[in-house]
Amino acid sequence: MSIQNKGAKPTLLIVDDDPLITDTLNFVLSKDFEVFVADSRQQVKSLLTQLDAPPQLALVDLGLPPLPHKPDEGFQLISDLLGYSPGIKILVLSGQNDETNARHARALGAIDFVGKPCEPEQIKSLLFNALLIQDVERTAETAAPAAENLIVGTSFNLDRLRQQITQYANAPFPVLIEGESGSGKELVAASLHKLSSRAGKPYLALNCAAISPTLVEPTLFGYCKGAFTGATSNRAGYFEDASDGTLFLDEIGELPLELQAKLLRVLENGEFQRVGETQSRFSNARVVTATNRDLRQEIKAGRFRADLYHRLSVFGIAVPPLRELGEDKVRLLEHFREFYAGEARVKPFLLDSHARQMWEEYHFPGNVRELRNIVIRLTTKCAGQNVTAEQLETELDTDTAFPSEIPLPNDGKALYDTARKHLQTLANFSLDQTMKQWEKSYVEAALNLTHGNLSQAAKILGINRTTLYSRMQTYTNEV
């Protein structure tokens, strides 16, 4: 059963565990929005499987069950929603409104943060503004810029990324795109299609995390009349509709295990069947997939098939995180600043010298998505102004540490103190075992950061590739 959005109103998801707040907001906002209400992350997951399409907007609290006095559930919900629908605009409305929480919520991808209590009319105004931004972005996407202009930047990492896209574009084989959330994997997939000989053919995209597991198979392969309740006619799936074009499967790590075998079959010989039908059909669609998970770890955990992984990753592209793109942080700032100022018909803001230095040094944990949202907020609040470092700092999640920023006890005294405390608290200490555990953790962390690229991981660790491979074999043998 699915919930139909029969009206023409924009859809809004409200998530709060206080019924007084949800009832009030539902009453006020339902005049302008088609409202859906949930009181927890778990209820949101259940609700989303019943919707025909992801909600356009979300208004979420941070303090949700089972940890209503901490922001963790709310932070995770922001990531869940953006993984489910990258285009959703999230506004955080929370009583846990200290500046640290606000910055982190925005870094994760929330478009803005409002502390409780807040007047409903102000919330409505912010939601309408989010809709305008969504419309602008949709218009920009349909304008279909040239493929070479989809990816903005001139750094070595992006030049290499563009070279890989150009090299793989015309090949008929699958491509697996890996990268952090918000890094631009969708743009890479679109570029692969636009630069290929299939550019004039269909380009279809399906987010595997944004669809109920029970609907994935009929959506991909189609179904015949009477195959299940609600199947009132024959319908083609994405593989048929993509025809000789490109089928992009985002968040492929979310694909249920039972469907992974069927996808593998299509990849091997192009053959599939509609649900409820025995007739074999064939597809010549080129399959491109993307994930922000480490599929190698998913394989070890038994959640992803190794044979499917190897079939999907004939070509692999690792999208670099924004923190590794150097001056491209500024180029992206200029690109989005001009775009959103032009759409809003206002003068673009500028950064003073201290603010610009802060921008260049910031690690952008939310990647390009976070950068774009910061530009949107500054365009709204500071149009035509010189933004100072103090003003910019309120937009940045400076409390989130990355490996290069985490203080480690690297001087003799600190290491001595750590070792002393460790020895005092452990009854059966083993130096060999402790050193092995530390080494294995660093190796796994390096592989995770580089999405399994041995050469890059070895470089991070300061060892050669053969040494890294040898040590990985040791860990495997120990298991």
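Buried here means under 20% relative accessible area. The views below come from a predicted model.

**Figure 1. Strand β8 is mostly covered.**
This strand spans residues 246-250. Five of its five residues are buried. Both faces of β8 are covered. On one side sit T246, F248 and D250. On the other side sit L247 and L249. Every one of these residues is buried.

**Figure 2. Strand β8 is bridged to β7 and to β11.**
Strands of a sheet pair through backbone hydrogen bonds, either parallel or antiparallel. Strand β7 covers residues 203-207. Five bridges join β7 to β8, and the two strands run parallel. One of the residues to look for is Y203, whose bridge partner in β8 is T246. Strand β11 covers residues 286-291. Four bridges join β8 to β11, and these two also run parallel. Two positions help to place the pairing of β8 with β11. T246 stands opposite R286 in β11. L249 stands opposite T289 in β11. T246 thus appears twice in this view: it is the bridge partner of Y203, and it faces R286 of β11.

**Figure 3. Five strands form an open sheet.**
The strand order is β7-β8-β11-β6-β12, with parallel pairing. Strands β7 and β12 (315-318) stand at the edges. Each of these two has a single partner strand, so one side of each is left without a neighbour in the sheet. Neighbouring strands are turned by 20 degrees against each other on average, direction ignored. In the order, β8 lies between β7 and β11.

**Figure 4. Helix α4 has buried residues that pack against several elements.**
Helix α4 runs over residues 99-108. Its buried residues are N101, A102, R103, A105, R106 and A107. They pack against two strands, β4 (89-94) and β5 (112-115). They also pack against helices α3 (72-84), α15 (367-381) and α16 (389-393). Just after α4 comes G109, which takes a positive phi of about 130 degrees.

**Figure 5. Helices α3 and α4 cross at roughly 15 degrees.**
Two packed helices are described by the angle between their axes and the distance between the axes. The axes of α3 and α4 come within 9 Å. Angles under 35 degrees count as roughly parallel. The two helices are therefore roughly parallel to each other. Their crossing is right-handed. From α3, the contact is made by F75, I78, S79 and L82. From α4, it is made by N101, H104, A105 and L108. These contact residues divide into five nonpolar, three polar and no charged. N101 and A105 of α4 take part in this contact, and both are buried.

**Figure 6. Helices α18 and α19 cross at roughly 130 degrees.**
Helix α18 covers residues 431-449, and helix α19 covers residues 454-461. Their axes come within 8 Å. The crossing angle makes α18 oblique to α19. The crossing is right-handed. On the α18 side, Y442, V443, A446 and L447 make the contact. On the α19 side, L454, A457 and L461 do so. The residues of this contact divide into seven nonpolar, no polar and no charged.

Conventions: Residues are numbered from 1 along each chain as its sequence is written. This is a predicted model: local features need pLDDT of at least 70, side-chain atom pairs count only at pLDDT 80 or more; totals for chains, interfaces and linings use all residues. Side-chain values use heavy atoms; hydrogens and water are left out. Axes are lines fitted to C-alpha atoms, for helices over the stretch in contact, and angles run from 0 to 180 degrees between N-to-C directions. Angles under 35 degrees count as roughly parallel, over 145 as roughly antiparallel, 65 to 115 as roughly perpendicular and the rest as oblique. A crossing is left-handed if the near helix is turned anticlockwise from the far one by less than a right angle, and right-handed if clockwise. Contact means heavy atoms within 4.5 Å. Ala, Val, Leu, Ile, Met, Phe, Trp, Tyr, Cys and Pro count as nonpolar, Asp, Glu, Lys and Arg as charged, and the others, Gly among them, as polar. Buried means under 20% relative accessible area, exposed over 50%, partly exposed in between (1.4 Å probe, protein chains only). Two strands pair if DSSP finds at least two bridges between them.
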